[in-house]
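Student: I should like a close look at a single part of this model. Please start with its position and then set it among comparable features elsewhere.

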Amino acid sequence: MTATTGGIEKAASVLRAGGLVALPTETVYGLGANAEDPAAVARIFQVKGRPPSHPLIVHIAGAEQLDDWVEKVPAAARLLAERFWPGPLTLILRRGRRVPLEATGGLETVAVRVPDHPVALALLAAFGGGVTAPSANRFGSVSPTTADHVRAELGDGVDFVLDGGACRVGVESTIVDATSEIPAILRPGGVTREDLEAVLGRPIVVPSASPVRVPGEHPSHYAPRARVVLVEPDKVVAEAELAQELGHQVGVFLPPSLADAPVKAHAVVALPASMAAYAHGLYGFLRELDERECDLVVASLPVEEGLGLAIANRLRRAAGPRLSA
Ligand code: TXA
Ligand code: MG
């Protein structure tokens with residue numbers, strides 16, 4: 001289902017009036033507000049249940065608008081913006097005066113990106129300004145990749161939902177600290193490390209697996225209700241069956257190499273072989289296992305190259321310690 005022109009106009013007027021609009025992007029759905037309206041931005045935190053110190057991404061209509069929102073653009077950042085926008089890349093740069101501190105969690109830097117989705121771009125063009133939007137989920141839970149996910153999770157908290165169908169990429173944007181001439185990845189995502197390195201012409205630093213680097217991020221981000229355990233790929237079936245025997249309602253992420261293996265578990269997700277298809281489906285799979293009332297998900301990490309790096313990052317976080325029991 002695609003949003004109509006009337007829907008886009010309505011969404012733009014909701015933004016102008018200080019309301020919240022859920023919008024499709026190529027990565028996940030965002031919960032958008034007028035970036036220059038501190039009261040509207042404050043409502044995002046309230047509806048998400050997210051601490052106000054946790055900075056947001058400002059979505060803009062095109063790379064040519066970048067200088068309206070940031071203070072200084074190093075040549076490397078300019079190159080990345082020109083090469084990857086519109087697309088799943090977020091650049092962290094020095095905050096321009098137009099960006100209120102409410103949107104950056106008090107930081108002097110700001111996250112900016114141009115989403116690659118016709119509905120998001122049409123909304124940004126109709127609205128004319130910047131739209132701050134975190135993923136449209138409750139704080140700490142799995143990001144929504146369909147309009148139905150948004151409605152199920154946020155209900156009346158959002159004033160208008162633009163339906164743009166299922167998100168193509170399925171995992172969030174790659175966040176790159178581009179404040180210096182030596183950019184670094186803060187969160188792996190839809191643009192791969194390999195693609196960034198090819199354009200920059202040198203290796204790019206990625207965060208190590210465990211420490212929490214992006215301000216305010218907790219290890220338990222991107223988590224379904226069910227507990228997630230990560231095991232070696234060749235142990236997935238045995239671990240799942242053992243847990244099922246012990247009385248758990250087990251959901252299994254079955255690697256493609258084991259596609260035909262019979263598994264005695266409550267629910268089985270046969271993973272696609274392509275990393276693009278895996279990323280596209282990942283959050284939907286986790287939601288499906290919650291809906292089927294699994295209390296435990298047994299999965300393994302994919303090879304950490306290409307989109308596999310972002311998938312592994314989200315699985316690790318889903319398996320991380322929870323904020324509360
Ligand atoms: O694909 C995406 O990035 C989606 C779509 C809607 O654009 N958005 C998204 O937003 O994932 P959110 O808020 O769920 O995640 C944005 C991340 C947060 O972890 C935040 O801490 C980080 O970006 N971030 C934002 N501003 C930052 C800054 N100035 N410095 C460092 N990290 C920042
Ligand atoms: Mg999020």
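Student: Where does Thr 25 lie?

Tutor: This is a predicted model, in which local features need pLDDT of at least 70 and side-chain atom pairs pLDDT 80 or more, while totals for chains, interfaces and linings use all residues. Residues are numbered from 1 along each chain, chains are lettered from A and ligands numbered from 1 as written, and side-chain values use heavy atoms, without hydrogens and water.

Thr 25 lies in the loop between strand 1 (21-23) and strand 2; helices (H or I, at least four residues) and strands (E, at least two) are DSSP runs numbered from the N terminus. With a relative accessible area of 3%, Thr 25 is buried (under 20%; exposed is over 50%, partly exposed in between, 1.4 Å probe, protein chains only). Its side chain makes a polar contact of 2.8 Å with that of Thr 27 and another, of 3.1 Å, with the side chain of Arg 113 (N or O atoms within 3.5 Å, one able to donate a hydrogen and the other to accept it; neighbours in sequence count only through side-chain atoms). Leaving aside residues up to four places away in sequence, Thr 25 touches Arg 113, Pro 115, His 117 and Cys 167 (heavy atoms within 4.5 Å).

A salt bridge joins Arg 168 and Asp 116, with 3.3 Å between the closest N and O atoms (Lys or Arg side-chain nitrogen within 4 Å of an Asp or Glu carboxyl oxygen). This pair links distant parts of the chain, 52 residues apart: Arg 168 is in the loop between strand 7 (160-161) and strand 8 (174-177), and Asp 116 in the loop between strand 5 (109-113) and helix 6 (118-127). Asp 116 has 31% relative accessibility and counts as partly exposed.

The structure holds twelve salt bridges. One of them pairs Asp 67 with Arg 78, whose closest N and O atoms are 2.8 Å apart. Because Asp 67 is in helix 3 (residues 66-69) and Arg 78 in helix 4, this bridge ties together parts eleven residues apart in sequence. Asp 67, at 43% relative accessible area, is partly exposed, as is Arg 78 at 30%. Glu 304 and Arg 316 form another salt bridge, again with closest N and O atoms 2.8 Å apart. Here Glu 304 is in the loop between strand 13 and helix 11 (308-318) and Arg 316 in helix 11, so the parts tied together are twelve residues apart in sequence. Glu 304 is partly exposed at 37% relative accessibility, and Arg 316 is partly exposed at 27%. In addition, Glu 36, Asp 68 and Arg 98 are joined into one network by salt bridges that share partners.

Helix 2 (residues 38-48) offers another view of burial: Ala 40, Val 41, Ile 44, Phe 45, Val 47 and Lys 48 are buried. The cover over these residues includes strand 2 (30-34), helix 5 (101-104), strand 6 (131-132) and helix 7. Gly 49, just after helix 2, takes a positive phi of about 70°.

Two further loops deserve inspection of the backbone. The peptide bond from Trp 85 to Pro 86 is cis, with omega near -5°, and Pro 86 is found in the loop between helix 4 (75-84) and strand 4 (89-94). Glu 293, a residue other than glycine, has a positive phi near 65°. Glu 293 is placed in the loop between helix 10 (275-291) and strand 13 (296-299) and, at 58% relative accessibility, counts as exposed.
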